[in-house]
Amino acid sequence: MPELPEVETTVRGLASSLDGARIERIVLNRADMRRPFPDGLVQRLTGARVTGLGRRAKYGLIHTDRDATLVFHLGMSGRWRIDPSTPDKHDHLVLETADHTYALNDARRFGFVDLVETDALDAWPAFAALGPEPLGEELTADHLKRALKGRKAAIKLMLLDQGTVAGLGNIYVCEALWLAGIDPRRAAGKVTKPALERLVPAIRDVLERSIGDGGSTLRDYAKPDGTLGYFATRFAVYGREAKPCLREDGGKIRRIAQGGRSTWFCPKCQR
Ligand SMILES: [Zn+2]
């Protein structure tokens, strides 16, 4: 499932040639993905110039000079194919510029696109309640201190809550808490300021490392023979149940369930 780093990598990949280009043609190969394509999409964006690309949480943004932003979500299996050599039956939306073709391909169709007035993006329902971007300047220890004040829920669960920080998935929360040395079970309101001061750069660090690698989903790291060796060695705690902690502190990684999902952590160095 594409997580924030995959979406960021996708946006950067598209931006390198799409930013500044004119959309000459749009082809919709079906009426919907998870949701119907927005009314007037082809009409509104044909001839539009792309004025910039961006990302909010796990959504990609293609801004245009028509005061309209094409918002895309990759769902479970979505990806953009640039200049595909052959068409694919799962290419649901195709954008053509003078130099390139961009096909939004999604076999499982959990992804979708919407067309939103650029000035009104912050009020778009999925964005209205989002916390700050983890890679932006608004995420600070002070923000977390305020957002978590008095909260009895576990810090792990509060970090997965998109209202605390936008776009963090399970892998990255587990990894960031290990890097910051914070016990995922600790009541969020009881996490100290110094610990939050460590947590903010830890979150950025795990995300930036994955962006550098082009994302971290299992699919991307399967070797040609289908094994997942790289995936298993890449993370400090995620998926490393019963293995020794990389800090060599004598701790063994534990897996517990929190909010119906697995958490991996080291009971020795995460307090
Ligand atoms: Zn440890």
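**Exercise 1. Work out how exposed Glu241 is, then look at its salt-bridge partner in this predicted model.**

Step 1: Glu241 has 41% relative accessibility, so it counts as partly exposed. The label applies between the cut-offs of 20% and 50%.

Step 2: Now find the partner. Arg255 makes a salt bridge with Glu241, and their closest N and O atoms are 2.9 Å apart.

Step 3: Place the two on the chain. This pair links distant parts of it, 14 residues apart: Arg255 belongs to strand 9 (residues 254-258), while Glu241 is in the loop between helix 9 (229-234) and strand 9.

Step 4: Check the arginine as well. Arg255 has a relative accessible area of 43%, so this residue is partly exposed.

**Exercise 2. Trace the salt bridges around Glu8 and say which residues end up in one network.**

Step 1: Start inside helix 1. Glu8 pairs with Arg12 in a salt bridge whose closest N and O atoms are 2.8 Å apart. Both sit in helix 1 (residues 4-18), 4 residues apart, which is about one turn of the helix.

Step 2: Add the second bridge. Arg55 also forms a salt bridge with Glu8, with 2.6 Å between the closest N and O atoms. Here distant parts of the chain are linked, since Arg55 is in strand 2 (residues 50-56) and Glu8 in helix 1, 47 residues apart.

Step 3: Sort the residues by cover. Glu8 counts as buried because its relative accessibility is 12%, and Arg55 is buried too, at 14%. Arg12, at 44%, counts as partly exposed.

Step 4: Join up the shared partners. Glu8, Arg12, Arg55, Arg56 and Glu133 form one network through their salt bridges. For the whole structure, the tally is 14 salt bridges.

**Exercise 3. List the protein donors of the zinc ion and decide which geometry they have.**

Step 1: Collect the donors. They are Cys245 (SG), Asp249 (OD), Cys266 (SG) and Cys269 (SG), at 2.0 to 2.3 Å from the zinc ion.

Step 2: Read their spacing along the chain, which is C-x3-D-x16-C-x2-C.

Step 3: Test the angles. The 4 donor atoms subtend 99 to 116° around the zinc ion, so the arrangement is tetrahedral. The cut-off used is that all angles lie between 85 and 135 degrees.

Step 4: Look at cover for two of the donors. Cys266 has 0% relative accessibility and therefore counts as buried; Cys269, at 18%, counts as buried as well.

**Exercise 4. Identify the residues of the nonpolar surface patch and locate Met76.**

Step 1: Met1, Met76 and Phe110 make up the patch, which covers about 270 Å².

Step 2: Met76 is found in the loop between strand 4 (68-73) and strand 5 (79-82). Its relative accessibility is 31%, so Met76 counts as partly exposed.

Definitions and conventions
Residues numbered from 1 in each chain as written. Predicted model: local features only at pLDDT ≥ 70, side-chain atom pairs only at ≥ 80, totals over all residues. Heavy atoms only, no water. Patch = residues over 30% accessible without salt bridge, like charges linked within 9 Å, V, L, I, M, F, W, Y side chains within 5 Å. Areas by Shrake-Rupley, 256 points an atom, 1.4 Å probe, with all protein chains shown as cover. Salt bridge = Lys/Arg side-chain N within 4 Å of Asp/Glu carboxyl O. Helix = DSSP H or I, 4+ residues; strand = E, 2+ residues; numbered from the N terminus. Buried < 20%, exposed > 50% of the residue type's maximum accessible area, 1.4 Å probe, protein only. Donors = N, O, S within 2.8 Å, 3.2 Å for Na, K, Ca; no water. Tetrahedral: all angles 85-135°; square planar, octahedral: opposite > 155°, others 65-115°.
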